[in-house]
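Here's a quick walk through one protein model, written for someone who likes to know the cut-offs behind each word. Have a look at the structure, then read on.

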Amino acid sequence: MNFRWRKRTLVLLAAGCVGILVVIAWYHFSLRRPVGSGPAGPPVNRARFGEVWTDRPVFLVGLGDSVTAGLGARKGYSYFDRLLGNPLDEFEDMKGVHVARVFPSLRSTNLAISGTTSREHLERQMPRLPESPSNELVVVVFTTGGNDLIHNYGRVPPRADGMYGATYEEAVPWIGTFEERLEEMIGRIQTAYPDRCQIFLANIYDPTDGVGDIEKSGMPPWPDGLRIHADYNRILAACAGRHANVHLVDLHAAFLGHGLHCTQFWREHYRSEDPHYWYYINLEDPNERGYDAIRRLFLNAMAEVFEDIGVVTRGDAE
């Protein structure tokens, strides 16, 4: 009898231990989303930012939604702020790496507004493009389209500028309207700053890491979400391909593996070198490490573009 009791006790203890391990594993791989610390995103070649690129006056203009407005970051830690200068506790590898270093005659404005959709960018921000003297190089950083997709989190029926939950068939005409609207916005910027603007246009990241299970965030399922999202990114890439002065900044690729499944080592986009979460508590915006990564992506794109087009020279202010 004692033997049977001991055996049953051991079985129950073993089952309990297994159960505890299962719960711990479930929490770690399904619920836990560690943010991590330190630098995030690709390295930036410091040598490219060691000297002045041009003495010409330069105007940095921010357009778009909360990603460019900086929601989720302290003042000085958004990607736009960190393009302009370093916070006091800047990472060692990025000290002195910013556009004010290479454009000494720099001014800036940020027209981006949190929560805005592409339609609002066209209707409200394009008419507010500031005037600029004809000798000034204009550099535009632009994030658009993300709120078209995620609003209003499935709480209301989907519509053109709040598609969450739409079927692909419902979304097709709205996707086409976005393409037309994006082209019009680029045209408005080019008209405002003819032959002297470079536009850095970001695509849209995916917090599901390519899986499509947005319901893991607590929002309603969206079976066609990834397909619609992919069309938006296709449109953004095609726009950059049509215009020599529009340059795609690939947030989507950089953020894969840093979303809802960042701890799941068996996933296609798992990032063993930095298996951490780059999103803010609202899911649709980056956290400060995410903004660090975005800052680096924009700086790398600018360094490449301005070298290619010959801006990285001195004495061309006339």
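Let's start with burial: a residue is called buried under 20% relative accessible area, exposed over 50%, and partly exposed in between, with a 1.4 Å probe and protein chains only. Helices (H or I, at least four residues) and strands (E, at least two) are DSSP runs, numbered from the N terminus.

The model is predicted, with local features needing pLDDT of at least 70 and side-chain atom pairs counting only at pLDDT 80 or more, while totals for chains, interfaces and linings use all residues. Residues are numbered from 1 along each chain as its sequence is written, and side-chain values use heavy atoms, with hydrogens and water left out.

**A helix with buried residues**

Helix α5 spans residues 118-125, and its buried residues are Ser-118, Glu-120, His-121, Leu-122 and Gln-125. They pack against β1 (58-64), β3 (137-143), α6 and α7 (168-192), where contact means heavy atoms within 4.5 Å.

**The sheet**

Now for the strands. Five of them form an open sheet in the order β2-β1-β3-β4-β5, with parallel pairing; two strands pair if DSSP finds at least two bridges between them. Which strands stand at the edges? Those are β2 (106-110) and β5 (246-249), and each has a single partner strand, so one side of each is left without a neighbour in the sheet. On average, neighbouring strands here are turned by 20 degrees against each other, direction ignored.

β4 (residues 197-202) pairs with β5 in the parallel sense over 4 bridges, and Ala-202 has Val-249 in β5 as its bridge partner. Helix α8 packs on the sheet and touches β4 and β5, its direction making about 145 degrees with that of β5. For these angles, axes are lines fitted to C-alpha atoms (for helices, over the stretch in contact), and values run from 0 to 180 degrees between N-to-C directions.

**The largest pocket**

On a 1 Å grid over the protein atoms alone, a pocket is an open set of points where a 1.4 Å probe fits, with protein on both sides within 12 Å along at least five of seven lines; lining residues have an atom within 4 Å of a point. Grid points are joined across faces, edges and corners, and the volume is the space filled by probe spheres set on the points.

The largest pocket holds about 450 Å³ of space. It has 29 lining residues, and Leu-149, Ile-204, Tyr-205, Pro-207 and His-229 are the closest to its centre. Two or more lining residues come from each of α2 (66-69), α6 (146-150) and α8 (225-242), with α6 giving the most, 4 residues. By type, the lining divides into 14 nonpolar, 11 polar and 4 charged residues. Here Ala, Val, Leu, Ile, Met, Phe, Trp, Tyr, Cys and Pro count as nonpolar, Asp, Glu, Lys and Arg as charged, and the others, Gly among them, as polar.

**Backbone oddities in the loops**

A cis peptide bond joins His-151 and Asn-152, with omega about -5 degrees. Asn-152 sits in the loop between α6 and α7. Leaving aside residues up to four places away in sequence, His-151 touches Gly-115, Asp-161, Gly-162, Met-163, Tyr-164 and Glu-284.

Asp-195 has a positive phi near 60 degrees, though it isn't glycine, and Asp-209 also has a phi near 60 degrees. Here's where these loop residues sit and how accessible they are:

| Residue | Loop | Relative accessibility |
|---|---|---|
| His-151 | between α6 and α7 | 10%, buried |
| Asp-195 | between α7 and β4 | 86%, exposed |
| Asp-209 | between β4 and α8 | 6%, buried |
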